[in-house]
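Morning, everyone. I have one structure to show today, and I'll take it piece by piece. Here it is.

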Amino acid sequence: MEFHILGQQLVNGLALGSIYGLIAVGYTMVYGIIGMINFAHGDVYMVSAYITAICIAVLSYFGISSAAFLIIITLIVTMFIVSLYGWSIERIAYKPLRNSPRLAPLISAIGVSLVLQNYVQVSQGAKTQAVPTILPGVFRFGNETDFFQITYIQVLLVVVSFASMALLTYIIQKTSLGRQCRAVQQDPKMAAILGINTDRIISTVFVLGAAMAAIAGVLVTLNYGSFDFSVGFITGVKAFTAAVLGGIGSLPGAMLGGIILGMSESLFSGFVNTDYKDVFAFSLLVLVLIFRPSGLLGKPLVEKV
Amino acid sequence: MFSNPNDPPVLAAFKDSLLVGVIALLIFGPISGIILDGYSFNTHFKTPLILATIVFAGRFAYQMAMLTPWGQKFLERLAFSKGKRSVYVGSPNDHKYLWIILLVLFAAGLILPFYLSKYALTVAILAIIYVLLGLGLNIVVGLAGLLDLGFVAFYAVGAYTFALGSQYIGLGFWTAIPVAAALAAIFGGILGFPVLRMHGDYLAIVTLGFGEIIRLVLNNWTSFTGGPNGAKAAEPTLFGLEFTRTAKTEGHIPFHEFFGTVYNPNTKFIFLYIVVFLMACLMIFFFSRLRSMPMGRAWEALREDEIACRSLGINHVIVKLSAFMMGAMTGGIGGVFFAAQQGGFVNPTSFTFFESALILAIVVLGGMGSTVGVVIAALVLTLLPEVLRDFSDYRVLVFGGLMIFMMLWKPRGFLPIRRPYFSKEGQA
């Protein structure tokens, strides 16, 4: 095994894993609070990639070229608009179905996912979009021939995703809002009796999840540079895999699951086979669920009669 | 946000709608207003403005309607159904004349293909294939209550069994049907056995992963499956009679020569239609009988309360597995017909997650567990895209929108499930 390839794959895996972790947070929080797989989440992430590109294009048109400024403005705008998406989706497609059979919100989520994909495809065209490199530059390790590199964007990606995860964990653990979220997660009826506006909390959770997906979208777009309207599905499924891997409902679990998935996927495609990397990711999911159904950090599910 | 409790109702409605309109503008603005073109962009601000105006007008109209007693009553009648009874118990008298209706429908279904064009025939065959798939998934999701998001995997197994089977071991159309059914059921068993002990939603995601694995393997294992180029299946035959203009295989006679009629390219599709139609009827009959048998009752009981069932000594893994395998089997049969309908050519792009979602939508929209509902939903959902073909760009958009709307309007589907009844009095 060559050391520099291993190093490179680990770096790529960490970057990929942080992204999965960020998106997984949205799945895990929504699942934790209303017990529903939010199928449209991957497409929310896809929308955020488009908004990032649009934002960069508009800002460059007005002659802004400072990388830091560009990235910060793009992050803020994308988070704002994508949060609106998350909020409206919940309001339109899930809220009226709060008390209906378990499958109904899932079907409407699949509907939302189709609508979002097709809406973006119709408006922006089906072609692959790209963004210019905003932050060139790499750190290099190793000698002239055998080296691995970490781009500045990758550093930014990992730092920003860890920072936002830390912020989110702080919000959930320490603030009043977070306490309300956890209360609703444990027992929505009791929380409502104690004066918590559960509908508002659920909306907030969707907004937080969408904002995290927006951060992921911005970072991925800056890192890989190209995307199209269908990226949401596969990324979404993998992020969900990450959430399950870490134990659904658990925030640190989502991040851990994301990084494990990203690392193993990256190592697999580096040393075994690129074509089957998705097969590998899904097989990992199946194996984890068979041998450890509650995930790595999740609490085992106890069924009560 | 900026509304005031003292506002007169019309003003409050206006403010509320304005807020909704502004949100809509923010949502539609960037995606449909600024079109990316390489690294730069073109602006089309008209589109988001129109969309936001529509949203604003719709919301305002709704709010105004809510202010009048007439409008309130109207909207109530339209109402998004909430908390209605989930299960209807049918009376035996409901079914008094049912057999006449069924007979008429059956005869009509058999006569229909002779009056259809080739294009309409392929669509009709596809619609009936989806009826089959819907019936299969209905067992898994509707009756046994197991959420399967990877049903397309079994469909793919069926289609590829026929295609690869005829390529490598010379499998014909008729032999492919039982072989594909068995193989799909075995796949269902292999997947189901370890997975069925899991909690419901995990099952959903594992089946989704399984569906993707099958598709990816079919796509990447180029040396065996032909990869993205697909695989070619044999032409269907009837007692060795081919439906081609001239016989492709040595010693075979084309259908039209045998009967001394003129060659008609539709014959093959009429034949396929009739076979798939009969197969679907058989399946409907089979499943409706199965539902009132101990096995069918165990499925439904397990869906309602797993712990109670296990306490009563029902082996939940075996019962679930039987549902899963039977659903998979039906999917496999559907796959064979699909390969034949496609002119014998299948490739992995036909087996994406969208298909699974479509089949699931058929089951849920039809009313889970209800056979009639599933049949109607399958026909509507496969014919609808053909009707919408003129708006082909917006097809999926309309389809997804309808899926959301139907769920909001009737979360339990068109025709909610009916309990099979025991006694003449109709008390179950």
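I'll go through the chain contact, the core, some helices, two hairpins and a few single residues.

One thing up front: this is a predicted model.

Let's start where the chains meet. On the chain A side, 54 residues are in contact, and they meet 51 residues of chain B. Which elements of chain A supply two or more residues to that side? They are α2 (41–61), α3 (67–94), α4 (103–124), α9 (231–246) and α11 (277–291). The biggest giver is α4(A), with 15 residues. What about chemistry? That side of chain A has 41 nonpolar residues, ten polar and three charged.

Now the core. The largest nonpolar core holds 225 residues. Which residues have the most contacts inside this core? Val82(A) and Ile362(B) do. The element that gives the most to this core is helix α5 of chain B, residues 118–143, with 17 residues.

Take a look around Val82(A). Leaving aside residues up to four places away in sequence, Val82(A) touches Val44(A), Val47(A), Ser48(A) and Ile51(A). The list also has Ala210(A), Ala211(A), Ala213(A) and Ala214(A).

Next, Met46(A). Find this residue in helix α2 of chain A. Is Met46(A) buried or exposed? Met46(A) has 26 C-beta neighbours inside 10 Å, so Met46(A) counts as buried; the cut-off for buried is 20 or more. Its contacts, again not counting residues up to four places away in sequence, are Val120(A), Phe229(A), Val231(A) and Gly232(A). Thr221(A) is 175 residues from Met46(A) along the chain, yet their C-alpha atoms are separated by 9.8 Å.

On to helix α1 of chain A, residues 3–34. Does the length add up? What should 32 residues span at 1.5 Å a residue? The expected span is 46 Å, and the end C-alpha atoms are 45 Å apart, so the two agree. There is a bend in α1(A), of about 30 degrees, at Ala24(A). This helix is mostly covered, with 23 of its 32 residues buried. Just past the end of α1(A) sits Gly35(A), with a positive phi of about 60 degrees.

Stay with chain A for its hairpin. Strands β2 (residues 138–142) and β3 (residues 147–151) run antiparallel, joined by five bridges. Val138(A) has Thr151(A) as its bridge partner in β3(A). Four residues make the connection between β2(A) and β3(A).

Over to chain B. Chain B has 17 helices and nine strands. Buried residues make up 43% of its 428. Consider contacts in chain B between residues at least 6 apart in sequence: 74% of these join residues at least 24 apart.

Chain B has a hairpin too. Its strands are β1 (residues 34–37) and β2 (residues 40–43), which run antiparallel with four bridges. Two residues lie between β1(B) and β2(B), and Gly38(B) in the turn has a positive phi of about 65 degrees. Leu36(B) is bridged to Phe41(B) in β2(B).

Which way do the side chains of β1(B) point? In a regular strand the side chains alternate between the two faces of the sheet. That pattern shows up in β1(B): Ile34(B) and Leu36(B) point to one face and are buried. Ile35(B) and Asp37(B) point to the other face and are not buried.

Now helix α11 of chain B, residues 267–291. It has 25 residues and reaches 36 Å from first C-alpha to last, close to the 36 Å expected at 1.5 Å a residue. Its buried residues include Phe269(B), Leu272(B), Val276(B), Met279(B) and Met283(B). An α-helix has 3.6 residues a turn, so residues three or four places apart point the same way. What covers the buried residues of α11(B)? The cover includes α5 and α14 (316–341) of chain B.

Two last residues, both in chain B. Phe193(B) lies in helix α7, residues 173–195. Phe193(B) counts as partly exposed because it has 16 C-beta neighbours inside 10 Å. Phe210(B) is 17 residues away along the chain, and the two C-alpha atoms are 13 Å apart.

Asp16(B) sits in helix α1 of chain B, residues 9–33. With 17 other C-beta atoms within 10 Å, Asp16(B) is partly exposed too. Glu300(B) is 284 residues from Asp16(B) along the chain, and their C-alpha atoms are separated by 46 Å.

That's the tour. Questions, please.

Methods. Residues numbered from 1 in each chain as written. Chains lettered and ligands numbered in written order. Predicted model: local features only at pLDDT ≥ 70, side-chain atom pairs only at ≥ 80, totals over all residues. Contact = placed C-beta atoms within 7 Å. Nonpolar A, V, L, I, M, F, W, Y, C, P; charged D, E, K, R; others polar. Expected span 1.5 Å × (residues − 1). Bend = angle between axes of the 7 residues up to and from the residue. Buried ≥ 20, exposed ≤ 12 C-beta atoms within 10 Å, placed from the backbone. Core = buried A, V, L, I, M, F, W, Y, C linked by C-beta atoms within 7 Å. Pairing = 2+ DSSP bridges.
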